[in-house]
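Here are my notes for a colleague opening this structure for the first time. Please read them with the model on screen.

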Amino acid sequence: MCSNYRPARSAELAHFGVAPPELPLADKDAYPGSAAPMIYQPPEGGGWSCVAATFGLLPVWAKDRALAKRTYNARTETVAEKPSFRSAWHKRQVCIVPAAAIYEPCYETGKAVWWRIARADGAPMAIAGLWERKSWEAGVPSWSFTLLTVNAETHPLMRRFHKPDDEKRTVVVLDGDAPEAWLAAESNTDLRALLRPCAETLLFAGPGRL
């Protein structure tokens, strides 16, 4: 599961054809509850839009923003049923979370060592997510998002992370035409067809952080 990552910087957002969000964002790693850029397709059409959003989904019934610290990842196997995620899923409130790298713990040395995982070609990653929108106090994003995860037991790279006895999971990194297909999906069946681990060759991994 991905609990922290490095958001794409303002210049890297140009890769997706979007301008940086109006709400300024800090150039540092994102953790549950912090703000980061999120890309979505406005319902009125036109090009994609980028907004500042809270990392951790906050459904309309949420009373406390602290919920984001428990809703930053959504399992694809249960996303349609879990109270925190099912509304966004059934309404197809999908988004792309642009990231320079994600971080996962590797225990191959016998202790946890944080590794960074990024695209091998240096381009920012497009991670599949869901969004919600609700007004909060001034200066706090009204948007929020979660990262969708899938089983990674058979993925040569992503199965190397997390504790030895833990289930291996990975976020969904969309590549090629998949980002466009994800944001334009017309059914939940279309969405599920894209929810799978990416090709191993798409990614680079190594110890340390950006």
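1. A word on burial first. A residue counts as buried under 20% relative accessible area, as exposed over 50%, and as partly exposed in between. Cys106 has a relative accessible area of 3%, so Cys106 is buried. The model is a predicted one, and every value below is computed from it.

2. Cysteines. How many disulfides does a search of the whole structure find? The count is zero. The cut-off behind that count is a pair of cysteine sulfur atoms within 2.5 Å. Take Cys50. The nearest cysteine sulfur belongs to Cys95 and is 10 Å away. Cys50 is in no disulfide. Cys50 is also buried, at a relative accessible area of 9%. Now take Cys106. For Cys106 the nearest cysteine sulfur is that of Cys2, 15 Å away. Cys106 is likewise in no disulfide.

3. The largest nonpolar core. This core has 32 residues. Which of them have the most contacts inside it? They are Tyr5, Met38, Ile102 and Phe145. Several strands give two or more residues to the core: S2, S3 (49–55), S5 (94–106), S6 (113–119), S7 (125–133), S8 (143–151) and S11 (203–207). S5 gives the most, with five residues.

4. Another core. Apart from the largest core lies another, of 29 residues. Among its members are Val18, Phe85, Leu183 and Leu191. Please look at the two cores separately.

5. Aromatic rings. The structure holds seven aromatic pairs. One of them joins Phe55 and Phe145: the ring centres are 5.5 Å apart and the planes lie at 15°, so this pair is stacked. The cut-off for stacking is planes under 30 degrees apart. The pair links distant parts of the chain, with Phe55 in strand S3 and Phe145 in strand S8, 90 residues apart. Are these two rings buried or exposed? Phe55 is buried, at 0% relative accessibility. Phe145 is buried too, with a relative accessible area of 0%.

6. The aromatic cluster. Tyr5, Phe55, Tyr72 and Phe145 form one aromatic cluster. Two of these names deserve a second look. Tyr5 and Phe145 are also among the residues with the most contacts inside the largest nonpolar core.

7. The largest pocket. Its volume is about 300 Å³. The lining is made up of 22 residues. Which of them lie nearest the centre of the pocket? Pro7, Leu25, Ala26, Asp27 and Pro37 do. Strands S1 (5–7) and S2 (35–40) are the elements that give two or more residues to this lining. S2 provides the largest share, three residues. S2 also gives two or more residues to the largest nonpolar core. By class, 14 lining residues are nonpolar, three are polar and five are charged.

8. Positive phi values. Please check two residues here. Arg92 is not a glycine, yet its phi is positive, at about 55°. Arg92 sits in the loop between helix H1 (86–90) and S5. Its relative accessible area is 33%, so Arg92 is partly exposed. His162 is the other case. Its phi is near 80°, a positive value in a residue other than glycine. His162 lies in the loop between S8 and strand S9 (169–171). With a relative accessible area of 12%, His162 is buried.

9. Thr154. This residue lies in the loop between S8 and S9. Is Thr154 buried or exposed? Its relative accessibility is 69%, so Thr154 counts as exposed. Thr154 and Asn73 are 81 residues apart along the chain, and their C-alpha atoms are separated by 20 Å.

10. Leu194. Look in the loop between helix H3 (188–192) and S11 for this one. Leu194 has a relative accessible area of 14%, so Leu194 is buried. Its C-alpha atom is separated by 8.3 Å from that of Ala181, and the two residues are 13 apart along the chain.

Methods
Residues numbered from 1 in each chain as written. Predicted model: local features only at pLDDT ≥ 70, side-chain atom pairs only at ≥ 80, totals over all residues. Heavy atoms only, no water. 1 Å grid on protein atoms, 1.4 Å probe; cavity = no way out; pocket = protein on both sides within 12 Å on 5 of 7 lines; lining within 4 Å. Points joined across faces, edges and corners; volume = space filled by probe spheres on them. Helix = DSSP H or I, 4+ residues; strand = E, 2+ residues; numbered from the N terminus. Nonpolar A, V, L, I, M, F, W, Y, C, P; charged D, E, K, R; others polar. Core = buried A, V, L, I, M, F, W, Y, C linked by side-chain atoms within 4.5 Å. Buried < 20%, exposed > 50% of the residue type's maximum accessible area, 1.4 Å probe, protein only. Phe/Tyr/Trp six-rings, centres within 6.5 Å; stacked < 30°, edge-to-face > 60°.
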